[in-house]
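Open the model in a viewer and keep the selection tool at hand. The stops below cover enclosed space, open space and one helix pair.

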Amino acid sequence: MIDDLWYKNGVIYCLSVATYMDANGDGIGDFKGLSRRLDYLHGLGITAIWLMPFQPSPNRDGGYDISDYYNVDPRYGTLGDFVEFTHGCKQRGIRVIIDLVVNHTSDQHPWFQQARADKESPYRDWYVWSDRKPAHADEGMVFPGVQKSTWTRDRVAKAYYFHRFYDFQPDLNTANPFVQEEILKIMGFWIQLGVCGFRMDAVPFVIATKGPQVRKPVEQFDMLRTFREFLQWRKGDAIILAEANVRPKDDLQYFGDDGDRMHMMFNFHVNQHLFYALASGDTGPLAKALVETKPRPATAQWGLFLRNHDELDLGRLTKAQQAQVFAAFGPDKTMQLYNRGIRRRLAPMLGGDRRRLELAYSLMCTLPGTPVLRYGDEIAMGDDLRLKERECARTPMQWSTEPHGGFTKSDKPCVPVIEQGPYGYPHVNVAQQRRDPNSFLNWIERILRMRKEVPEIGWGDFEVIETGDPAVLGLRYDWRNNSVLLLHNLDEQPRELTFSVGLAGDSGDTLIDVLGDQHSQAGKRHRHTVMLEGYGYRWYRVGGLDYLLKRSEVDGGNGTPV
Ligand code: NOJ
Ligand code: CA
């Protein structure tokens, strides 16, 4: 059971083939290059790869504008190379999930081309049309400032089509049963080629009602159950990880009360409050966000992340909180995007400060859920603000001090590799960090290993512990008669804390530091006094010393066997 629900205690690593590793020297990353890097990823300790879109695409939105769902873009290789890649992953026990982008297609997709050219085409109703410009055509844009409207006139179709995102991404009419059937077929196809699930793009929009009369879209949640059921029949351990930036009160609609909809969702609510905590040193709102997103079915899981390939969206914070995060992490207009977010990578946001980086990743690894890393984060890569919109945080992986960071032998990489400044590849690259036992890369590898050895975080129930200090977040997880306690100091000043673990009797009296040797024994009234350095963090196993020693002889301290 424990291993079957692999996503409850795994580590997911997100990458785009185009910018990871170029094997044939044409300047574009490819599946052959990625396959050569599988031992690196295996060594890092990740358990699943999330591949960003790699299907044929005009590539005007990082591949999120697909023109053929059943192929690999020839720039990245062939379907044969793809299967070699999934096979290589399987050999190493790494699962693969891929993006499922079915809210919209590219306007170059043959379905759209036929739909616009012929009113009588069966594909006409695969998209969302209006003869006249709907009254609210200038509302609901996802990319404000760049996208002007959600309805655009197509001169060939002589009608307006709906697009929640850019105008080259016409929305599919997901209410059409033929479209629904096609979505299942796409899933079935890639499952057959070895993937173990999907990161489903833009889920609230996929299931929303669409049309010229629709002012307030309503989500059709039953659709999620259909997707899940189909997937489970085809492959029992396959999952859907939903991209759904929704309010906590809607979480259960997405997970399904009985856990019959999405297996996983990204926790955007916690993400934004986590950045507020990092910016302000106040963990109160983060603790509140954790409690608000606590209810979920036993088989469901949160995806926890720091930065992703999009902007850091701060839309759920209050104006005052937003202002604080902008001031701390993106004060310059050039660092901000879509009037709501920051487009930088994490390391430059934190000023490259190793203590703060460790704190952030330690938090990500210990909040309730499964960590989702982004390629390059493990070596603290930077961004290139000269590139437009979100492109700045999507530069190629920096492998070595060779030209173009060893990403390609071509002198024309598809995206420029960061070369100048403190984050340039001469300073930040895998090869150097691999040699240095104290490098960030080696720290990440150790923290990921420890995260997997503490399944209580992935599986257990949590309590927020009263630490008596708003700068210090305390969390205790309980699972199968084991407990762990995690402390994080968000302030740069050291803190002395006196607290109780909150377990009955003396069961919380001994705290074993699993990352170092700062163990703690409770004093009077079962209270601990612990000194945390500025931005310090501590992972403890909780329990009597005798019990812990005995237990670790039996099972290495890694939970009770089922
Ligand atoms: C969400 C993706 O994360 C983003 O990169 C993309 O632009 C939109 N969906 C549209 O597919
Ligand atoms: Ca290539």
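The largest cavity holds about 60 Å³ of space. The model is a predicted one, and the structure has six cavities of 30 Å³ or more.

**Stop 1: the largest cavity.** Select Arg-60, Asp-61 and Gly-62, then add Tyr-166, and finish with Lys-388, Glu-389, Arg-390, Glu-391 and Arg-394; these residues line the largest cavity. Colour the selection by residue class: the lining has seven charged residues, with one nonpolar and one polar residue besides.

**Stop 2: the second largest cavity.** Move on to a volume of about 50 Å³, that of the second largest cavity. Which residues should be selected to find the centre of the second largest cavity? Take Val-246, Phe-266, Asn-267, Phe-268 and Trp-302, the closest to the centre among the 13 residues that line this cavity. To see the secondary structure around the second largest cavity, show β9 (264-266) and α9 (268-280), the elements that give two or more residues to its lining. By class, the lining of the second largest cavity has seven nonpolar, four polar and two charged residues.

**Stop 3: the largest pocket.** Keep α9 displayed, since the next site also involves this helix. The largest pocket contains about 1200 Å³ of space. Its lining is made up of 42 residues; to centre the view, select Val-142, Phe-205, Asn-245, Asp-313 and Arg-316, which lie nearest the centre of the pocket. Now add α6 (203-206) and β11 (312-313), which, with α9, are the elements that give two or more residues to the lining of the largest pocket. Which element gives the largest share of that lining? That element is α9, with three residues. Coloured by class, the lining of the largest pocket shows 17 charged, 16 nonpolar and nine polar residues.

**Stop 4: a helix pair.** Hide the pocket and select residues 177-192, helix α5, together with residues 222-234, helix α7. The axes of α5 and α7 are 10 Å apart and the helices pack at an angle of about 30°. Angles under 35 degrees count as roughly parallel, and α5 and α7 are therefore roughly parallel to each other. The crossing of α5 past α7 is right-handed.

Show side chains at the contact. On α5, select Gln-180, Ile-183, Leu-184, Met-187, Gly-188 and Ile-191; the residues they meet on α7 are Met-223, Thr-226, Phe-227, Phe-230, Leu-231 and Arg-234. By class, this contact of α5 with α7 consists of eight nonpolar residues, three polar ones and one charged one.

Notes:
Residues are numbered from 1 along each chain as its sequence is written. Chains are lettered from A and ligands numbered from 1 in the order in which they are written. This is a predicted model: local features need pLDDT of at least 70, side-chain atom pairs count only at pLDDT 80 or more; totals for chains, interfaces and linings use all residues. Side-chain values use heavy atoms; hydrogens and water are left out. Axes are lines fitted to C-alpha atoms, for helices over the stretch in contact, and angles run from 0 to 180 degrees between N-to-C directions. Helices (H or I, at least four residues) and strands (E, at least two) are DSSP runs, numbered from the N terminus. Angles under 35 degrees count as roughly parallel, over 145 as roughly antiparallel, 65 to 115 as roughly perpendicular and the rest as oblique. A crossing is left-handed if the near helix is turned anticlockwise from the far one by less than a right angle, and right-handed if clockwise. Contact means heavy atoms within 4.5 Å. Ala, Val, Leu, Ile, Met, Phe, Trp, Tyr, Cys and Pro count as nonpolar, Asp, Glu, Lys and Arg as charged, and the others, Gly among them, as polar. On a 1 Å grid over the protein atoms alone, a cavity is a set of points where a 1.4 Å probe fits but cannot get out, and a pocket is an open set with protein on both sides within 12 Å along at least five of seven lines; lining residues have an atom within 4 Å of a point. Grid points are joined across faces, edges and corners, and a volume is the space filled by probe spheres set on the points.
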